[in-house]
Amino acid sequence: MAQPFTWWQRGLIYQVYPRSFLDSNADGTGDLPGITQKLEYLQWLGVDAIWISPIYPSPMVDFGYDVANYTDVDPIFGTLADFDELLKQAHAKDIRVILDYVPNHTSDQHPWFRESRASRTNAKRDWYIWRDTPNNWLSVFGGSAWTFDEATRQYYYHAYLKEQPDLNWRNPAVQDAMYDVLRFWFDKGVDGFRIDALRQVMKHQDLPDNPPNPNWQPGRDPYQSLLLTYSADQPELMDVVHRFREVAEEYKDRVLIGELWLSIQRLVAYYGENGRGLHLPFNFHLILTPWQAHQISGLIDTYEQALPPDAWPNWVLGNHDRSRIATRVGAAQARVAAMLLLTLRGTPTLYNGDEIGMHDVPIPPELVQDPFEHNVPGIGAGRDPERTPLQWNDFPNAGFTAAKEPWLPLADDYRSCNVAAQQSDPRSMLSLHRALIYLRRKMPALSVGTYMHVYTDDDLLVYERAVAQERVRVALNLSHRERQLEWRAPRGKVLLSTHLDRDGEVGPRLDLRPDEGVVALLDQ
Ligand code: GLC
């Protein structure tokens, strides 16, 4: 292959939600030394890079997405020295480290906002968005996006909580300060950033009212009742993205990933022209698309066709904001989903715990932590269920913490569903993930090969990945019934089944069991 591929193209990204990964100091919340302790596990699993959700000093109103200091570590997670140690040990194991960068808003406790709200004439007043009268924009987490500040008698804008005021990215001083934040961590050796809430960073200059969404129905998430015509995805955002890229290019081999909940057509625009945009605008469409063969097949084709030349695809199955895949599609289909994620063309991102099939944990009302659930109750908005502690073993609290209570309750099945139990079970969900990850690493067709659609019907999705002479066919049964597939290709050899119990020849027919996926190498 003429084209060289970088670590973030070949590799697998694993999202660590640090509060819930491993607690090393018995305070009930996960921390940086906890992640360092589990690097060996991540290396065993075959992870190439970890993305860690925010670790910065924060009042934790939005669990770290309310940053009070961009260049330090919150004591709950440890110290900067703990971070340096994690980075050093990760790099020694050839694991890259990606941090979360939250440019859209700070905490209301950030010194910049404290100054900004001190008086109308403060030098930092214009670092945030202040107006005499609010427009109709809504907060993602419920209610108006504007809060009245008694002291200076103006409203400030917050796309999220009132404790998360939006920075004014039209102010060049804000831009410079925020580019320096990237440099601070890049200088330490951080390998990249996942950029939070990117679509909202630039707002329309005049802040006009957003139009109503004709498709919204009462009872649904109230935030969706307006279109985000003027509050997100503005043309000027591309200039900022170009600057992010320029800063990243001051360093070698770094990656920029963007959190962008956008249609495929708008999403791919963020690759930018001639490689001037993001390396990986997060593709969340496997989360948004119904779990049905025609729908998924259509999604893959649409995405593949929309990608600009030289853009590298990526796929996400779950994260700390969305119901877990095992809950969305059920335990049996979650295995098929893992095979899909790890055999599609493009960088996969795996959410911690999904590798053992963790499911959403129902949270009793008195234990709810997420402000989203408090502010917008009754529609299942809360994100605690997918943020519960990692289940390491069958010890008390699943080996997550030595504290009496973890910050969120554990799943009630942790005694059987945990990393240790699954490591010694050759057919477990964890063994399936590891086998898929190693197969993907071993076979260039799977890590960097082309994608070709082969066949879809109501139950089946079949595609091929190929590079040079290596041709790999993936056949997924998205139904709970047995299916037969006319092979219509050279005979093949089964490399892996989601049931982890099969090898042998395929063709002229493949019998698929309920909820089974198969990867086969075609004879030349
Ligand atoms: C992103 C994060 C989410 C957070 C929000 C505000 O969507 O993924 O967890 O609450 O931004 O920062």
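The legends below describe close-up views of a predicted model.

**View 1. Eight strands make up an open parallel sheet.**
The order of the strands across this sheet is 9-8-7-3-2-1-11-10, and the pairing is parallel. Strand 9 (280–281) and strand 10 (314–316) are the edge strands, each pairing on one side only. Strands of a sheet pair through backbone hydrogen bonds, either parallel or antiparallel. At one edge, strand 10 runs parallel to strand 11 and is joined to it by three bridges. V316 has T349 as its bridge partner in strand 11.

**View 2. Strand 1 (residues 13–16) has buried residues pointing both ways.**
I13 and Q15 point one way, Y14 and V16 point the other way, and all are buried. Strand 1 pairs with strand 11 (residues 347–351) in the parallel sense, over three bridges. Strand 1 also runs parallel to strand 2 (residues 49–52), and four bridges join them. Q15 can be followed to both neighbours: its bridge partner in strand 11 is Y351, and its bridge partner in strand 2 is W51.

**View 3. Strand 8 (residues 255–258) is covered on both faces.**
V255 and I257 lie on one side of strand 8, L256 and G258 lie on the other, and all are buried. Strand 7 (residues 192–195) pairs with strand 8 over four bridges in the parallel sense. One bridge to look for links I195 to its partner in strand 8, G258.

**View 4. Helix 4 (residues 80–92) packs with helix 6 (residues 172–188).**
The two helices meet at an angle of about 55°, and their axes are 11 Å apart. At that angle, helix 4 counts as oblique to helix 6. L80, F83, D84 and L87 of helix 4 make the contact with F184, W185 and K188 of helix 6. Helix 4 also lies across strand 2 and strand 3 (96–101), and it runs at about 140° to strand 3.

**View 5. Six strands make up an open antiparallel sheet.**
Across this sheet the strand order is 12-13-14-19-16-17, with antiparallel pairing. The edge strands are strand 12 (450–456) and strand 17 (505–506), each of which pairs on one side only. Strand 13 (residues 460–467) and strand 14 (residues 470–477) run antiparallel and are joined by eight bridges. In this pair, L461 stands opposite L476 of strand 14. Helix 15 packs on the sheet and touches strand 16 (492–497) and strand 19 (517–522). The direction of helix 15 makes about 135° with that of strand 16. Another helix, helix 10, lies across strand 12 and strand 13 and runs at about 150° to strand 12.

**View 6. E304 is a residue of helix 10 (residues 293–306).**
E304 has 19% relative accessibility and so counts as buried, the cut-off being under 20%. Its side chain makes a polar contact with the side chain of R345, at 3.0 Å. Neighbours within four places in sequence aside, E304 is in contact with R345 and Y451.

**View 7. Helix 12 (residues 331–343) crosses helix 15 (residues 429–442).**
The axes of these helices come within 10 Å and cross at roughly 15°. Helix 12 and helix 15 are therefore roughly parallel to each other, since angles under 35 degrees count as such. Their crossing is right-handed. On the helix 12 side, the residues that meet helix 15 are A334, R335, A338, M339, L341, L342 and T343. On the helix 15 side, they are M429, L432, H433, L436, I437 and R440.

**View 8. Two residues other than glycine, A398 and R488, have positive phi.**
The phi of A398 is near 60°. A398 is found in the loop between helix 13 (371–375) and helix 14 (419–423). With 0% relative accessibility, A398 counts as buried. The phi of R488 is about 50°. R488 lies in the loop between strand 15 (483–486) and strand 16. R488 is exposed, its relative accessible area being 71%.

**View 9. A cis peptide bond joins G507 and P508.**
Omega for this bond is about 5°. P508 lies in the loop between strand 17 and strand 18 (509–512).

Conventions:
Residues are numbered from 1 along each chain as its sequence is written. This is a predicted model: local features need pLDDT of at least 70, side-chain atom pairs count only at pLDDT 80 or more; totals for chains, interfaces and linings use all residues. Side-chain values use heavy atoms; hydrogens and water are left out. Buried means under 20% relative accessible area, exposed over 50%, partly exposed in between (1.4 Å probe, protein chains only). A polar contact is a pair of N or O atoms within 3.5 Å; within protein, one must be able to donate a hydrogen and the other to accept it, and residues adjacent in sequence count only if both atoms are side-chain atoms. Contact means heavy atoms within 4.5 Å. Two strands pair if DSSP finds at least two bridges between them. Axes are lines fitted to C-alpha atoms, for helices over the stretch in contact, and angles run from 0 to 180 degrees between N-to-C directions. Angles under 35 degrees count as roughly parallel, over 145 as roughly antiparallel, 65 to 115 as roughly perpendicular and the rest as oblique. A crossing is left-handed if the near helix is turned anticlockwise from the far one by less than a right angle, and right-handed if clockwise.
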